[in-house]
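Here are a few short exercises to work through with the structure at hand. Try each task on your own before you read its solution.

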Amino acid sequence: MRKVMLCLLAGELLAGQAPRISVIDFYGLERLSETAARKALAVKEGDPLPPSKAAAEERLEQLEAVVLAHLEAVCCEGDGAILFVGIQEKGAPSFSPRTGPASSAVLAEEVVKAHAGFLELYGKGAGPGETRQSLAPGYTLSSDPRLRAAEERIAEVAGQQFVHLRHVLRESSEPEHRAVAAFMIGYAPDRQAAAEALQYALQDPEPAVRHSALRALKSIAVFAAGNPAAGIRISPTWPVELLKSVVWGDRTRAADLLVTLTESRDERTLNQIRESALAPVADMARWKSLTYALPAYILFGRMAGLAEDAIQETWSKGEREKVMAEHVPRLRRRD
């Protein structure tokens, strides 16, 4: 259904028709009221998406409390788009990326082709199968035979060219090459070295690079959780920092990764999230778009000390606001 809706929204754009908004969800509002943000946004549920993303962001940034605004429309709620509105307020904790690198280093043609071949297969509908297998040396491969072959090729290249991939990821001035390098490194045989390289990429100035790194780190985290003897350690520091980003994709992908990293209820990680990013997690957990709110609610429930069954039960019963109203003050007092 999600693929169908993406096609429908794309078709509307090609036909010159802006998709309608089903849900508007905000994040980053502390001093600024949602009413004031909606007035500056100048669209509401049921309206077409803003004709100019830049113009809408500029209107929001003219508000006194706002340093930066970020709009992102994603699929789907009912028959319309979800519009996420991110606000970075003056003086609020925020994510600050590194300055972009300046080296002329780029990826070899065979690396670019291996990545493009995988994306082409994925785009043609040979998506990852329902069943996935973890194979030595630890990468996760699709059960679809075509994608499996493409992923095996990526894993082979990642192992052979890891040093150069890491160099491009850290030093290349080309963000597209850095994003591809992050994707490929996720398949490298040395998972610990891969995780360390990808942690550095979470500070990249380009969102696409950060998102590619988060995707790869989540795959490594899943493997690490299922294979504790491998001794793979993924630091939560930068994923937690990305929860404070004004970019929607940073927050949602970081939350997904942190759900995996906290499955064992590691107290240090949960305390780090609570101390540094309680407000962003609570923001996201309150989103009306349930698909994107759930990972943050799971994180919130774990910080609050709820059992996994209780998290799922309160979510299913629509009791999340009751749970949050009870536990947010308590979690804040612990600071």
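**Exercise 1.** Classify phenylalanine 95 and tryptophan 238 in this predicted model as buried, partly exposed or exposed.

*Solution.* Start with the cut-offs: buried means under 20% relative accessible area, and exposed means over 50%, with partly exposed in between. Phenylalanine 95 has a relative accessible area of 10%, so it is buried. Tryptophan 238 has 24%, so it counts as partly exposed.

**Exercise 2.** Work out what kind of aromatic pair tryptophan 248 and tyrosine 292 form, and which helices hold them.

*Solution.* Step one is to recall how such pairs are described: two aromatic rings are characterised by the distance of their centres and the angle of their planes. For tryptophan 248 and tyrosine 292, the values are 5.1 Å centre to centre and 75° between the planes. Pairing needs centres within 6.5 Å, and planes over 60 degrees apart count as edge-to-face, so this pair is edge-to-face. Next, locate the partners: tryptophan 248 belongs to helix α11 (residues 248-261) and tyrosine 292 to helix α13 (residues 290-303). With their positions 44 residues apart, the pair links distant parts of the chain. Both tryptophan 248 and tyrosine 292 are buried.

**Exercise 3.** Place that pair in its wider setting: which residues do ring pairs link into a cluster?

*Solution.* The cluster joins Tyr27, Phe84, Trp248, Trp287 and Tyr292. For the overall tally, the structure holds 9 aromatic pairs. One of them is formed by phenylalanine 95 and tryptophan 238, which meet edge-to-face at 6.3 Å centre to centre, with 85° between the planes. Here phenylalanine 95 comes from the loop between β3 (80-89) and α4 (109-123), while tryptophan 238 is in helix α10 (residues 237-242), 143 residues apart.

**Exercise 4.** Find which charged residues lie over the ring of tyrosine 200.

*Solution.* Begin with arginine 98: its charged end sits over the ring of tyrosine 200, 3.8 Å from the centre. Then look at arginine 170, which lies over the face of tyrosine 200 at 3.7 Å from the ring centre.

**Exercise 5.** Decide how well helix α7 (residues 175-185) is covered, and by what.

*Solution.* First count the buried residues: 8 of the 11 in α7 are buried, so the helix is mostly covered. Among them are Arg178, Val180, Phe183 and Met184. Then look at the surroundings: the cover includes α4, α5 (145-160), α6 (162-171), α8 (191-201) and α9 (207-226). For the whole chain, buried residues make up 49% of the 335 residues.

Key: Residues numbered from 1 in each chain as written. Predicted model: local features only at pLDDT ≥ 70, side-chain atom pairs only at ≥ 80, totals over all residues. Heavy atoms only, no water. Phe/Tyr/Trp six-rings, centres within 6.5 Å; stacked < 30°, edge-to-face > 60°. Helix = DSSP H or I, 4+ residues; strand = E, 2+ residues; numbered from the N terminus. Buried < 20%, exposed > 50% of the residue type's maximum accessible area, 1.4 Å probe, protein only. Lys NZ or Arg CZ within 6 Å of the ring centre and 35° of its normal. Contact = heavy atoms within 4.5 Å.
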